[in-house]
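This report addresses helix packing, strand pairing and the protein surface around the DNA. The model and its sequence are shown below.

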Protein chains: 2
Amino acid sequence: MRLTTKGRFAVTAMLDLALRESGGPVTLAGISERQGISLSYLEQLFGKLRRAQLVESVRGPGGGYTLARTVAEISVADIIVAVDEPVDATQCGGRENCHDNHRCMTHDLWTSLNATIFDYLSKISLASLVDNQKAKDTSVVQDQRTLRRTAACSDAIAGSNAA
Amino acid sequence: MRLTTKGRFAVTAMLDLALRESGGPVTLAGISERQGISLSYLEQLFGKLRRAQLVESVRGPGGGYTLARTVAEISVADIIVAVDEPVDATQCGGRENCHDNHRCMTHDLWTSLNATIFDYLSKISLASLVDNQKAKDTSVVQDQRTLRRTAACSDAIAGSNAA
DNA sequence: CAATAGTTGACTAAATTACTCGGAATTAGG
DNA sequence: CCTAATTCCGAGTAATTTAGTCAACTATTG
């Protein structure tokens, strides 16, 4: 289980898709424009998402992508696993390194840590993200002049980085 | 909050250190040998860990590294943050991209996801990892043929997290 | 048939990872 | 003082990943 910007792009794109698919297939060009992700990169990501059966495609004019399952049935973990490389069972396991106990122990400790994080992200569905998003949307509507939102966003991000 | 093999190396090395520092400073050469991580790479990682004040160094013969705090006061999140690059506040925040609501929303949604994972890893201390490790050691002594050790470890960690 | 979109594969620049090398500076022990 | 052990430090580097471009192709609508 790796957490990188690649996974974040995929989650962002899937969220955009989830928020719009009620109006029929969503084009990558649209997602690209709204989310500031290059079209070609999205093509790569959605190729993987499609092969992982998280989305379905409709070709031709009026086509685009739709979710292959309901928003409740797609988790953040699903998305990240779909776009991340297999990561292989580094060192121990694949190799012959696992001779002495200590090496194996630390490795499989990390493995279980990974598993815990994975479990955690498995429980976060696209549905819950969509709900959060919509809740925020209405709060914006309530006070259109709230320009501190941008600052708040920067702060939140800066905080998470510093943290 | 990124989760990469780099962070895993650092956690592994810190765990090795935690398990041995009772016998005085631990050399990087020793960690390198036991954990199969190159000495020079460890030097880089421990440079960051030292600057983050997670470890202290003793130079000269008989020198090495010791933990700068107790095992209970060092979390997995501390270690990962220390060795990972700041990652910068991609897109939103740094740039001027954060114009329309949607872009900012998805970004700051990801940010909160990051924060949640960070909180989670903040609660896993080196001490709890060391305990798990020692528990496994004794169970290995009790029954050398126990190959279910991996499963047991996962359970133990899942348990300590839930607690 | 023409335009719209997805599909695929090859390719690339930049960043990151993991590692090497060569040397400093520091200190314990002889 | 000398030497060996060790941390410290910076430059360099190969492999991988990220993020993106480009071009050709297929399917579908109108």
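## Helix packing in chain B

In this predicted model, α1(B) packs against helix α4 (residues 76-83) of chain B at an angle of about 125 degrees, and their axes are 9 Å apart. Helices here are DSSP runs of H or I with at least four residues and strands are runs of E with at least two, numbered from the N terminus. The axes are lines fitted to C-alpha atoms, for helices over the stretch in contact, and the angles run from 0 to 180 degrees between N-to-C directions. α1(B) and α4(B) are therefore oblique to each other; angles under 35 degrees count as roughly parallel, over 145 as roughly antiparallel, 65 to 115 as roughly perpendicular and the rest as oblique. Their crossing is right-handed, meaning that the near helix is turned clockwise from the far one by less than a right angle, whereas an anticlockwise turn would make it left-handed.

Helix α2 (residues 28-35) of chain B also packs with α1(B): the two axes come within 10 Å and cross at roughly 115 degrees. α1(B) and α2(B) are therefore roughly perpendicular to each other. The crossing in which α1(B) passes α2(B) is right-handed.

## Basis of the model

Residues are numbered from 1 along each chain as its sequence is written, while chains are lettered from A and ligands numbered from 1 in the order in which they are written. The model being predicted, local features need pLDDT of at least 70 and side-chain atom pairs count only at pLDDT 80 or more, whereas totals for chains, interfaces and linings use all residues; side-chain values use heavy atoms, with hydrogens and water left out.

## The β hairpins

In chain B, β1 (residues 55-58) and β2 (residues 64-67) pair in the antiparallel sense over 4 bridges, pairing being assigned if DSSP finds at least two bridges between two strands. Ser57(B) stands opposite Tyr65(B) of β2(B). The hairpin has 5 residues between its strands, and Gly60(B) takes a positive phi near 85 degrees.

In chain A, β1(A) and β2(A) run antiparallel and are joined by 4 bridges. Val55(A) faces Leu67(A) in β2(A), and Val58(A) stands opposite Gly64(A). With 5 residues between the strands, the hairpin of chain A has Gly60(A) in its turn, at a positive phi of about 85 degrees.

## Surface near DNA strand D

DNA strand D is surrounded by 26 residues, of which Thr5(A), Ser40(A), Gln44(A), Ser57(B) and Tyr65(B) are the closest; a residue is near a strand if one of its heavy atoms lies within 4 Å of it. Sugar or phosphate provides 64% of the strand D atoms within 4 Å of the protein, and bases provide the rest. The surface residues comprise 8 nonpolar, 12 polar and 6 charged, where Ala, Val, Leu, Ile, Met, Phe, Trp, Tyr, Cys and Pro count as nonpolar, Asp, Glu, Lys and Arg as charged, and the others, Gly among them, as polar.

Polar side-chain atoms of Thr5(A) and Ser57(B) lie 2.5 Å and 2.4 Å, respectively, from a phosphate oxygen of DNA strand D. For Arg59(B), a polar side-chain atom lies 3.1 Å from a base oxygen of DNA strand D. Elements giving two or more residues to this surface are α1 (5-20) and α3 of chain A, with α3, β1 and β2 of chain B.

## Surface near DNA strand C

Of the 26 residues around DNA strand C, those that come nearest are Arg50(A), Tyr65(A), Thr5(B), Ser40(B) and Gln44(B). Sugar and phosphate make up 69% of the strand C atoms that come within 4 Å of the protein. The residues of this surface divide into 7 nonpolar, 12 polar and 7 charged.

A side-chain N or O atom of Lys6(B) is 3.3 Å from a phosphate oxygen of DNA strand C, and a backbone N or O atom of Leu28(A) lies 3.4 Å from a phosphate oxygen of the strand. Arg59(B) has a polar side-chain atom 3.4 Å from a base nitrogen of DNA strand C.

Note on methods. Polar contact = N/O pair within 3.5 Å; in protein donor to acceptor, adjacent residues only side chain to side chain.
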